[in-house]
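Please open the model in your viewer and keep the sequence panel beside it. The stops below say what to select next and what is to be found there.

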Amino acid sequence: MRPHGTPANPAVGDIAPAVLAIGRHDFPDVLIDTLRRQAGVGHCMVFALTRTGAAHCLLDAGNIPIGGDLGAAYAGQFHESDPNRDALFEGKACAPIMLPSFAPRMYGARYRKIFFADSGIVDKCATAIWTGDTCFYVNFYRITSQGRFGHVERARLEAIAPAIGASVARHFQQAATAPLDQNLAALFAMRAPLATLTPREQEVCRHILLGFSSEAISQTLGIGLHSTLTYRKRAYEKLGISAQNELFGIVLGLLAGPRGLN
C-alpha cells in the first residue's frame, strides 16, 4: 500500500539521471540527454526571471547553433514581450506552472522572426516554478529537422515537467548553497514520509539517491551487505514502494510540491 499523499507517477523515476546530476558541472548535458530520451526534446533553455524585472539565461543546451545568441536576446529585452509573461508572473510560489501550447500567432512579428524563423524552432513546451522572488522558466524546443512534438511526446513532457522544473531550480539554487547530500539529509529529516524512517534507513536511502550501489553503501557506512539490503527493504516497506525509481518519485514529488525548494 502506497502512503497517502505519495504521488504514484512512474514517469518521474525516468529522469533519475538528471536528478543525480544536480549540483554537478555536467548537469546541462545530462538534462538534455534525459529530455531527448524521454520526450524527444531537441534543445532546452532555462531563464531566471525576477519580480524586479531582471532576466538571465542560466542554461542553453541542445541542437540550436545560435542558442546562446537567442538566450542573450531574450534576457536582454525580449522577455518583456513574451506572451507567457503574464502566466509566469501570476504563478504561485513553489507551484509548478505548465505554459499554454505553442502557437506562432501568440508572438509578435519580430519575435517570431528572431526566435523561430531564423533559428529553425518549430515547436516548444515550457514549464516554470517560483522559488522566492525568482522564477525558473524552463523551455523545451524542437527544430525543423525534428518536426513538432507528437501527442505522446507532449503528454510525456507534461508528466515530467514539474519534476524537471524542480530539479532545475534546485540545481541553480544549490550552486551557491549546500551540496546535494546535505539537501537530501534535510529533506529526510523534515518531510513525510521520509522522516518516518530510522536514521540508518535514511542513510541507506540517501546513498541510493546519490547513485551508490549496495556494495558501495556497505563500505561507506561500515556495515555488512546483508544489513544494507535489510535496511533498504524495511525503508521501502515503510514507504510503500518496491523499486529505486519509486524512491526517486517520492523525492521528486516533494521537491516539486509546496515547500519543496524552501
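Select Ala75 to begin, and bear in mind throughout that this is a predicted model. Ala75 counts as buried because its relative accessibility is 17%, which is under the 20% cut-off used for that class. Ala75 is placed in helix α3, and once neighbours within four places in sequence are set aside, the residues in contact with Ala75 are Phe47, Ala55, His56 and Cys57. For a sense of distance, add Gly165 to the selection: Gly165 lies 90 residues from Ala75 along the chain, and the C-alpha atoms of the two are separated by 19 Å.

From Ala75, move across one of its contacts to His56, which sits in strand β2, residues 55–62. Is His56 buried, exposed or partly exposed? With a relative accessible area of 47%, His56 is partly exposed, since that class lies between the 20% and 50% limits. If residues up to four places away in sequence are not counted, His56 touches Val46, Phe47, Ala48 and Ala75, while Phe47 is also among the residues in contact with Ala75. Phe136 can be selected together with His56 for a further distance, as the two are 80 residues apart in sequence and 9.8 Å apart in space, C-alpha to C-alpha.

Next go to Thr50, which is found in strand β1, residues 43–50. Thr50 has 17% relative accessibility and therefore counts as buried. Show the side chains here, where a polar contact of 2.8 Å joins those of Thr50 and Thr52. Beyond its neighbours within four places in sequence, Thr50 is in contact with Phe89, Asp133 and Thr134, so that selection is worth displaying in full.

Asn84 is the next stop, in the loop between α3 (67–76) and α4 (85–89). Although Asn84 is placed in a loop, Asn84 is buried, with a relative accessible area of 3%. Which residues does Asn84 touch, not counting residues up to four places away in sequence? They are Leu99, Pro100, Met106, Tyr107, Lys124 and Tyr137.

Step from Lys124, one of the residues that Asn84 touches, to Cys125, whose place is in strand β4, residues 121–131. Cys125 is buried, with a relative accessible area of 5%. Around Cys125, and again leaving out residues up to four places away in sequence, the residues touched are Val138, Asn139, Phe140, Phe149, Arg154 and Leu157. One of these, Phe149, lies 24 residues from Cys125 along the chain, with 8.7 Å between their C-alpha atoms.

Now select Ala192 and Pro193 together and display the backbone. Most peptide bonds are trans. The bond that joins Ala192 and Pro193 is cis, with omega at about 5 degrees. Pro193 belongs to the loop between α7 (180–190) and α8 (199–209).

The last single-residue stop is Leu255, in helix α11, residues 244–256. Leu255 counts as buried, at 4% relative accessibility. Add Gln174 to see a pair that is 81 residues apart in sequence and 13 Å apart in space, C-alpha to C-alpha.

Finally, clear the selection and look at the whole chain, which has 11 helices and five strands. The radius of gyration is 19 Å, close to the 18 Å that the globule rule gives for 262 residues, so the chain is as compact as a globular protein of that length. Taken along the principal axes, the box filled by the C-alpha atoms is roughly 65 × 40 × 35 Å. Of the 262 residues, 49% are buried, and the chain exposes about 11,900 Å², of which carbon and sulfur atoms supply 54%. Among contacts between residues at least 6 apart in sequence, 62% join residues at least 24 apart. Colouring by charge picks out 25 positive and 21 negative side chains, with the centres of the two sets 4 Å apart.

Conventions. Residues are numbered from 1 along each chain as its sequence is written. This is a predicted model: local features need pLDDT of at least 70, side-chain atom pairs count only at pLDDT 80 or more; totals for chains, interfaces and linings use all residues. Side-chain values use heavy atoms; hydrogens and water are left out. Helices (H or I, at least four residues) and strands (E, at least two) are DSSP runs, numbered from the N terminus. The radius of gyration is taken over C-alpha atoms; the globule rule is 2.2 Å times the number of residues to the power 0.38. Buried means under 20% relative accessible area, exposed over 50%, partly exposed in between (1.4 Å probe, protein chains only). Contact means heavy atoms within 4.5 Å. Accessible areas come from the Shrake-Rupley method with a 1.4 Å probe; for residues, only the protein chains shown count as cover. Lys and Arg count as positive and Asp and Glu as negative; His and the chain ends are not counted. The place of a charge is taken as NZ of Lys, CZ of Arg, CG of Asp or CD of Glu. A polar contact is a pair of N or O atoms within 3.5 Å; within protein, one must be able to donate a hydrogen and the other to accept it, and residues adjacent in sequence count only if both atoms are side-chain atoms.
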